[in-house]
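User: I'm new to this one and would like a short tour in questions and answers. Can you put it up first?

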Amino acid sequence: MRLSRYFLPILKETPKEAEIVSHRLMLRAGMIRQQSAGIYSWLPLGLRVLRKIERIVEEEQARAGAIQMLMPTLQSADLWRESGRYDAYGKEMLRIQDRHERDMLYGPTNEEMITDIFRSYVRSYKDLPLNLYHIQWKFRDEVRPRFGVMRGREFLMKDAYSFDIDQEKAVESYNRMFVAYLRTYKRMGLTAIPMRAETGPIGGDLSHEFIVLAETGESAVFCHADYLTKDVPGEDLDFNSDLTPIVKDWTSHYAATEDVVDMAEFEGTVPEEKRISARGIEVGQTFYFGTKYSEPMGAKVATSEGTEVPVHMGSYGVGVSRLLGAIIEANHDDEGIIWPASVAPFHVGLINLKPGDELSDGACEALYAKLEAAGIEVLYDDTDTRAGAKFATMDLIGLPFQVVAGPRGLKDGVLEVKDRRTGEKELLSPEATFDKLKAALTV
RNA sequence: CGGGGCAUAGCGCAGCCUGGUAGCGCAUCUGGUUUGGGACCAGAGGGUCGCAAGUUCGAAUCUUGCUGCCCCGACCA
């Protein structure tokens, strides 16, 4: 992408409404624009990152056997009356009426709807296990939206729903999602720790919150330091195998948020030098809630004995839009964002220091074409502005690598390659530059 | 929902106390000089001062109501 033809509205000054660093940087980098309290437009750069995150989530859901679909944002109140949550949910649910004065709502979650879909089609244990998910916009009318996309009212969420014949099988489904989450966050460059969770208004027995440690996290968390270095299963993992040992390992040490923490247990089971008490951001949650919805809504399946039982369910959320904030909170410095390559809006920022100069233009065009042909995404700054402004912009938007091309270096046949994270700069020939980037960015 | 604050040009702000029809920096546009870490000079454009009512000869400024947004708390992915 040529910057001269792109839409990247950078802000030099920080808008006053932004308090925390991820919100500030997202506004300054031209990723989002607030349209109303807790409701944002996604500008081109922000949308690219959002899509990258979705892609990783989709790949890992598929690996774990979940099947993607799409449910609407607007729902009929009738389904929610069946589960009893229409009255229970409170003011966080945005209620609206259509022209026939029928009660509708903008979905804050989809348990009722997926249960309705399930009961309409599935009758037999032979069709289980089943895990259906979608990635869709949700709305929760928070009393006080804040922190940009971290706590918006409208947010993009992946929610998966598992269906099993009994509790034992449901736990297997739960474990598959649990392990998928470990992999999902890892691929985004995050260390997410599964912590004991309150089951909240959704209800249930077995539940974990996946927490990313960050100074600006919304809640205090307490955990064992070994979680920070624990291995995450690789791509070769067979999701049809018994995942219990992995889940067991990842839940073997103490980890809890302030809502449920038992300080005596924390201090009793974690040696002092291994105790971490920090702040964290919740980026996902897994629940097993049994027959909480299937029972009242009549979602039953036939067992192998021919009897009918309510299906056992679980739900598994990932805060997709919120992850942008979490990733930035965990990856930034004073100059701006530092994207992990897997979610970076572009891989490389190519800076032409002197557009119009034959040497600079030639070197940039050649490298630009070569990188793009190799599947590396390049934001090519071909604009006629000053060097300082170009560097500042690239640092702000945080692409993993910057390549600087100008007459001074090209006289000696070299480009400058900068690693955004370490700040290290190297002078390399165009060929060596390409080879280095290709090696660093191709998995 | 309780407490606090803000609303003046695209962004950040001053002016308000003590009424006299609006200003600064950045950004934008034009011309020139510059050009390897957010340039400089000269000029230009851009504002129903959030909305409505009231007081007054006169309101950005004083009064009342409304709306929007932000912060702290309670609540949540």
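**Rings, then sheets**

Analyst: The structure holds 15 aromatic pairs; rings of Phe, Tyr and Trp (its six-membered ring) pair if their centres lie within 6.5 Å, with planes under 30 degrees apart counted as stacked, over 60 as edge-to-face and the rest as tilted. Keep in mind that this is a predicted model, where local features need pLDDT of at least 70, side-chain atom pairs count only at pLDDT 80 or more, and totals for chains, interfaces and linings use all residues. Residues are numbered from 1 along each chain as its sequence is written, chains are lettered from A and ligands numbered from 1 in the order in which they are written, and side-chain values use heavy atoms, with hydrogens and water left out.

User: What kind of aromatic pair do Trp 80 and Tyr 89 form?

Analyst: Their ring centres are 5.7 Å apart, and the planes make 80°. Trp 80 is buried at 0% relative accessibility, and Tyr 89 is buried at 15% (buried means under 20% relative accessible area, exposed over 50%, partly exposed in between, with a 1.4 Å probe and protein chains only). The pair is edge-to-face.

User: How many residues apart are Phe 118 and Phe 163?

Analyst: These two rings are stacked, 4.2 Å centre to centre with 10° between the planes. Phe 118 is buried with a relative accessible area of 2%, and Phe 163 is buried with 0%. Phe 118 belongs to helix 5 and Phe 163 to strand 8 (helices, H or I, have at least four residues and strands, E, at least two; both are DSSP runs numbered from the N terminus), so the pair links distant parts of the chain, 45 residues apart.

User: Over which ring does the charged end of Lys 370 sit?

Analyst: A charge sits over a ring if NZ of Lys or CZ of Arg is within 6 Å of the ring centre and within 35 degrees of the ring normal. One such case is Arg 81, with its charged end 4.6 Å from the ring centre of Tyr 86. For Lys 370 the distance is 4.5 Å, and the ring is that of Phe 434.

User: Which strands stand at the edges of the sheet with the order 4-6-5?

Analyst: This open sheet has three strands and antiparallel pairing (two strands pair if DSSP finds at least two bridges between them). Two of its strands have a single partner strand each, so one side of each is left without a neighbour in the sheet. Those are strand 4 (74–76) and strand 5 (94–97).

User: Which residue is the bridge partner of Leu 94 in strand 6?

Analyst: Strand 5 and strand 6 (residues 103–106) pair in the antiparallel sense over four bridges. The partner of Leu 94 is Tyr 106.

User: Which strands does helix 11 touch in the sheet with the order 20-19-21-22-23?

Analyst: That sheet is open, with five strands and mixed pairing. Helix 11 (residues 358–373) packs on the sheet, and its direction makes about 165° with that of strand 19 (axes are lines fitted to C-alpha atoms, for helices over the stretch in contact, and angles run from 0 to 180 degrees between N-to-C directions). Contact means heavy atoms within 4.5 Å, and the strands touched are strand 19 (348–352), strand 20, strand 21 and strand 22.

User: Which residue takes a positive phi in the hairpin of strand 22 and strand 23?

Analyst: These strands run antiparallel, joined by four bridges, and Glu 416 stands opposite Leu 427 in strand 23. The hairpin has five residues between the strands, and the positive phi, near 80°, belongs to Gly 423.
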